[in-house]
Amino acid sequence: MTEVIIVCHGKLAEALKNSAELITGKQEHIQTYNLEHGDSVDELNANIHDSIVEAQKKHHEVIVLTDMMSGSPFNATTANMKELDFIHITGINMPILLEILMLRKTCTANEIANNVISVGRETIKLANDLFKKVNL
């Protein structure tokens with residue numbers, strides 16, 4: 001089983017988890033960390049570290065998802081990459097999260113990562129262009 005840790009600005013991490021569970025049902029081995037105004041980035045870094053270590057003690061692979069490159073959640077996660085071995089995917093969206101949740105029981109973390117990068121590219125569309133194609 002792959003442990004999923006979602007780390008985002010504001011309440012986005014928890015919102016993504018809750019929204020995904022509306023579709024997939026209750027999920028185990030998924031954690032969220034929201035970084036709100038005034039929160040300590042050092043504490044976030046330590047929480048991410050501890051969650052990864054605990055998951056790996058249970059022999060789980062770990063995928064950490066962050067909302068955007070160069071933001072504090074991204075930086076706190078990346079700081080842990082120096083010491084710990086895990087997959088870090090940034091630019092999380094709902095289709096990517098759903099794909100991860102569907103694949104994590106049958107695929108390795110590396111297989112999931114390779115798959116969801118293409119899912120991310122395929123699911124971001126300019127809806128205006130799609131609408132034009134339908135109405136031609």
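# Close-up views of a predicted model

**View 1. Just past helix H1 sits Gly25, a glycine with a positive phi, near 90 degrees.** Welcome to this predicted model. We start where H1 ends, because Gly25 follows that helix. Looking back from Gly25, you can trace H1 itself, which runs through residues 12-24.

**View 2. Helix H1 is made of 13 residues.** From the first C-alpha to the last, H1 reaches 18 Å, close to the 18 Å expected at 1.5 Å a residue. Take a moment to find Ala13, Leu16, Lys17, Ala20 and Glu21, which are buried in this helix. They lie on the same side of H1, because they cover an arc of only 130 degrees around the axis. And what do the buried residues of H1 pack against? Their partners are strand S1 (2-9), strand S2 (30-35) and helix H4 (94-103).

**View 3. Here is Glu21, a residue of helix H1.** Is Glu21 buried or exposed? Its relative accessibility is 15%, so Glu21 counts as buried, the limit for that class being under 20%. Follow the side chain of Glu21 and you will arrive at the backbone nitrogen of Gln27, at 2.9 Å. Leaving aside residues up to four places away in sequence, Glu21 touches Lys26, Gln27 and Ile30.

**View 4. His29 belongs to the loop between H1 and S2.** Its phi is near 60 degrees, a positive value in a residue other than glycine. With a relative accessibility of 27%, His29 counts as partly exposed.

**View 5. Ser70 is part of the loop between strand S3 (61-66) and helix H3 (72-80).** The phi of Ser70 is near 70 degrees, and this positive value again occurs in a residue other than glycine. How accessible is Ser70, and is it buried or exposed? Ser70 has 55% relative accessibility, so it counts as exposed.

**View 6. Cys107 lies in the loop between H4 and helix H5 (109-123).** At 23% relative accessibility, Cys107 counts as partly exposed. Which residues does Cys107 touch, once those up to four places away in sequence are set aside? They are Thr2 and Ile112. Finally, look for Glu61: along the chain, Glu61 and Cys107 are 46 residues apart, while their C-alpha atoms are separated by 10 Å.

Definitions and conventions. Residues are numbered from 1 along each chain as its sequence is written. This is a predicted model: local features need pLDDT of at least 70, side-chain atom pairs count only at pLDDT 80 or more; totals for chains, interfaces and linings use all residues. Side-chain values use heavy atoms; hydrogens and water are left out. Helices (H or I, at least four residues) and strands (E, at least two) are DSSP runs, numbered from the N terminus. The expected span of a helix is 1.5 Å times one less than its number of residues. Buried means under 20% relative accessible area, exposed over 50%, partly exposed in between (1.4 Å probe, protein chains only). The arc is that of the directions from the helix axis to the C-beta atoms. Contact means heavy atoms within 4.5 Å. A polar contact is a pair of N or O atoms within 3.5 Å; within protein, one must be able to donate a hydrogen and the other to accept it, and residues adjacent in sequence count only if both atoms are side-chain atoms.
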